[in-house]
Amino acid sequence: MDNPLANFKIDYNSGLPVWIQVKNRIAYLIGAGGYQAGDRLPTVRSLAVSLDISYNTVNRA
C-alpha cells in the first residue's frame, strides 16, 4: 500500500505551526483522493516518527 504522506515535508520557515501543516496536508489528501473511504490513516506514533516531530504535535493535528 502506498503512503500518500511519504513525500510530505514540514516547512519550518513557513510561519505556520507544524500541527496546522500536518492537519492541512491530511485534509488536502482526503479531499484530493489520496485517501479513500475505508482507508486507514497512519497512527499518531507512526506519523510522528516518519515526520520526526513530537507525538503531541501530531495528536494536536
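# Exercises on a predicted model

Leaving aside neighbours within four places in sequence, Tyr12 is in contact with Val18, Asp52 and Ile53. The structure behind these exercises is a predicted model, and each solution below goes through it step by step.

## Exercise 1: Tyr12 and its surroundings

Task: Find where Tyr12 lies relative to H1, and decide whether Tyr12 counts as buried or exposed.

Solution. Step one is to place the residue along the chain, and here Tyr12 lies in the segment before H1. Step two is to look at accessibility: a residue is called exposed when its relative accessible area is over 50%, and because Tyr12 has a relative accessibility of 57%, Tyr12 counts as exposed. Step three adds a distance, since the C-alpha atoms of Tyr12 and Gln36, which are 24 residues apart along the chain, are separated by 29 Å.

## Exercise 2: Asp52 after helix H2

Task: Say between which helices Asp52 is placed, and state what is notable about the phi of Asp52.

Solution. We begin with the position, which is in the loop between helix H2 (44–51) and helix H3 (55–60); Asp52 follows H2. We then turn to the backbone angle, and find that the phi of Asp52 is near 55°, a positive value in a residue other than glycine. Finally, we consider accessibility, where Asp52 is exposed because its relative accessible area is 67%. Asp52 is also one of the residues that Tyr12 contacts, which links this exercise to the previous one.

## Exercise 3: The two sides of helix H2

Task: Which residues of H2 are buried, and why can they be put on the same side of H2?

Solution. The buried residues of H2 are Leu47, Ala48 and Leu51. These residues cover an arc of only 100° around the axis, and therefore they lie on the same side of H2. This can be read together with a general rule: an α-helix has 3.6 residues a turn, so residues three or four places apart point the same way. On the other side of H2, the residues Arg45, Val49 and Ser50 are exposed. As a last step, we ask what the buried residues meet, and the answer is that they pack against H1 and H3.

## Exercise 4: Leu47, Leu5 and the nonpolar core

Task: Describe the place of Leu47, list its contacts beyond sequence neighbours, and relate Leu47 to the largest nonpolar core.

Solution. Leu47 is found in helix H2, and Leu47 is buried because its relative accessible area is 5%, where the cut-off for buried is under 20%. If neighbours within four places in sequence are left aside, Leu47 is in contact with Leu5, Val22, Ile26, Pro42 and Val58. For one of these partners a C-alpha separation can be given: Leu47 and Val22 are 25 residues apart along the chain, and their C-alpha atoms are separated by 9.5 Å.

The next step widens the view to the largest nonpolar core, which has 13 residues, and in which Leu5, Phe8, Ile10, Val22, Leu47, Leu51 and Ile53 touch the most other members. The elements that give two or more residues to this core are helix H1 (18–31) and H2, and H1 gives the most, with 4 residues. Seen from Leu5, with neighbours within four places in sequence again left aside, the contacts are Arg25, Ile26, Leu29, Tyr35, Pro42 and Leu47.

## Exercise 5: Polar contacts of Gln21

Task: Work out whether Gln21 is buried or exposed, and find which side chain joins that of Gln21 in a polar contact.

Solution. Gln21 lies in helix H1, and because its relative accessibility is 10%, Gln21 counts as buried. A polar atom of the Gln21 side chain lies 2.9 Å from the backbone oxygen of Asp11, and a polar contact of 3.2 Å joins the side chains of Gln21 and Ser14. When residues up to four places away in sequence are not counted, Gln21 touches Phe8, Ile10, Asp11, Ser14 and Leu16.

## Exercise 6: Rings and charges

Task: How many aromatic pairs are found in the whole structure, and over which ring does the charged end of Arg45 sit?

Solution. A search of the whole structure finds 0 aromatic pairs. The second part concerns a charge and a ring: the charged end of Arg45 sits over the ring of Tyr55, 4.9 Å from the centre of that ring. Arg45 also appears in a distance to helix H3, in which Arg60 has its place: the C-alpha atoms of Arg60 and Arg45, 15 residues apart along the chain, are separated by 12 Å. Arg60 is exposed, because its relative accessible area is 56%.

Conventions. Residues are numbered from 1 along each chain as its sequence is written. This is a predicted model: local features need pLDDT of at least 70, side-chain atom pairs count only at pLDDT 80 or more; totals for chains, interfaces and linings use all residues. Side-chain values use heavy atoms; hydrogens and water are left out. Buried means under 20% relative accessible area, exposed over 50%, partly exposed in between (1.4 Å probe, protein chains only). A nonpolar core is a set of buried Ala, Val, Leu, Ile, Met, Phe, Trp, Tyr and Cys residues joined through side-chain atoms within 4.5 Å. Contact means heavy atoms within 4.5 Å. Rings of Phe, Tyr and Trp (its six-membered ring) pair if their centres lie within 6.5 Å; planes under 30 degrees apart count as stacked, over 60 as edge-to-face and the rest as tilted. A charge sits over a ring if NZ of Lys or CZ of Arg is within 6 Å of the ring centre and within 35 degrees of the ring normal. The arc is that of the directions from the helix axis to the C-beta atoms. A polar contact is a pair of N or O atoms within 3.5 Å; within protein, one must be able to donate a hydrogen and the other to accept it, and residues adjacent in sequence count only if both atoms are side-chain atoms.
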